Amino acid sequence: MYLSLIDAVSKIVKTYGVDILSDPKFWHILSDSYSFGNEYALKEIFKSCLATGYISKLVAIKGNSKKTKAEITHIVDSENKINPCNEKEYSGVLYSVAIAIGSCNKKDYSDFTNRNNPQPSPFLKNQYLS
């Protein structure tokens, strides 16, 4: 679901340019693309990110991957304190924009979503295999 949102936002930005993110038409184009499927919470969180200016913040630091990732982490962590069950939705929305504007890539998004599930080191994996 989140990958289709990422693809839709990327396609819209590629077609209309980054300025579309601050244009009210963006919401209509995105909604018409059926990018949310039956995920109503995701749709509402995206709308909220537009209204609160989170997306504008990401656009303002466009191209700076380190600052963008730090800003996304800050926003997701802040929102998680208020609404602990929407971390996936906030990160999906914010990374969809960050990827679309070229500040991040899908690996960054994957790394973020797996941040609380550390993988064992290759040394430990090999130790158990012998």
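Hi everyone, let's start with one residue: I45 lies in helix α3, which covers residues 40-52. Before I go on, please keep in mind that this is a predicted model. So, is I45 buried or exposed? With a relative accessibility of 7%, I45 counts as buried, because the cut-off for buried is under 20%. And what does I45 touch, once we leave out residues up to four places away in sequence? The answer is N86, E89, Y90 and V93. I45 can also be placed relative to G92: the two are 47 residues apart along the chain, and their C-alpha atoms are separated by 9.7 Å.

Now let me step back to the whole chain. The secondary structure comes to eight helices and zero strands. If you read from the N terminus on, the order of elements is α-α-α-α-α-α-α-α, which is at least easy to remember. The chain has 130 residues, and 37% of them count as buried. How much area does the chain expose? About 7900 Å², with carbon and sulfur atoms supplying 54% of that. One more overall number: take the contacts in the chain with a separation of 6 or more, and 61% of them come from residues 24 or more positions apart.

With that in mind, let's turn to helix α1 and its partners. First up is α2. Helix α1 spans residues 2-16 and helix α2 spans residues 24-32; they pack at an angle of about 135°, and their axes are 10 Å apart. That angle makes α1 oblique to α2. The crossing of these two helices is right-handed. Which residues do the touching? On the α1 side we have L5, A8, V9, I12 and Y16, and on the α2 side F26, I29 and L30. Sorted by class, the contact of α1 with α2 has eight nonpolar residues, no polar ones and no charged ones.

The next partner of α1 is α6. Here the axes come within 8 Å and cross at roughly 30°. That makes α1 roughly parallel to α6. This crossing is right-handed. From α1, the contact uses Y2, L5, I6, V9, S10 and V13, and from α6 it uses K88, E89, G92, V93, S96, V97, I99 and A100. By class, the residues of the contact of α1 with α6 divide into nine nonpolar, three polar and two charged.

You may have noticed V9 coming up with both partners, so let's look at that residue by itself. V9 lies in helix α1, and at 0% relative accessibility V9 counts as buried. Not counting residues up to four places away in sequence, V9 touches F26, L30, F46, S96, V97 and A100. V9 and I101 are 92 residues apart along the chain, yet their C-alpha atoms are separated by 9.2 Å.

Let's stay with α6 and bring in α7. These two helices pack at an angle of about 160°, with axes 9 Å apart. How do they run relative to each other, parallel or antiparallel? α6 and α7 are roughly antiparallel, and their crossing is right-handed. In α6, S91, G92, Y95 and I99 meet K106, D108, Y109, F112 and T113 of α7. The class count for the contact of α6 with α7 is four nonpolar, three polar and two charged residues.

Between those two helices there is a loop, and S103 is found in it, after α6 (87-100) and before α7 (106-113). Is S103 buried or exposed? S103 is buried, with a relative accessible area of 4%. Its neighbours, again leaving out residues up to four places away in sequence, are I61, K62, G63, N64, S65, T68 and A98.

My last stop is D77, in helix α5, which covers residues 65-82. At 30% relative accessibility, D77 counts as partly exposed. From C-alpha to C-alpha, D77 and S91 are 9.7 Å apart in space, and 14 residues apart in sequence.

If you take one residue away from today, take V9, which is buried at 0% relative accessibility and touches residues that include F26, F46 and S96. Thanks for listening, and I'm happy to go back to any of these helices with you on the screen.

Note on methods: Residues are numbered from 1 along each chain as its sequence is written. This is a predicted model: local features need pLDDT of at least 70, side-chain atom pairs count only at pLDDT 80 or more; totals for chains, interfaces and linings use all residues. Side-chain values use heavy atoms; hydrogens and water are left out. Axes are lines fitted to C-alpha atoms, for helices over the stretch in contact, and angles run from 0 to 180 degrees between N-to-C directions. Helices (H or I, at least four residues) and strands (E, at least two) are DSSP runs, numbered from the N terminus. Angles under 35 degrees count as roughly parallel, over 145 as roughly antiparallel, 65 to 115 as roughly perpendicular and the rest as oblique. A crossing is left-handed if the near helix is turned anticlockwise from the far one by less than a right angle, and right-handed if clockwise. Contact means heavy atoms within 4.5 Å. Ala, Val, Leu, Ile, Met, Phe, Trp, Tyr, Cys and Pro count as nonpolar, Asp, Glu, Lys and Arg as charged, and the others, Gly among them, as polar. Buried means under 20% relative accessible area, exposed over 50%, partly exposed in between (1.4 Å probe, protein chains only). Accessible areas come from the Shrake-Rupley method with a 1.4 Å probe; for residues, only the protein chains shown count as cover.
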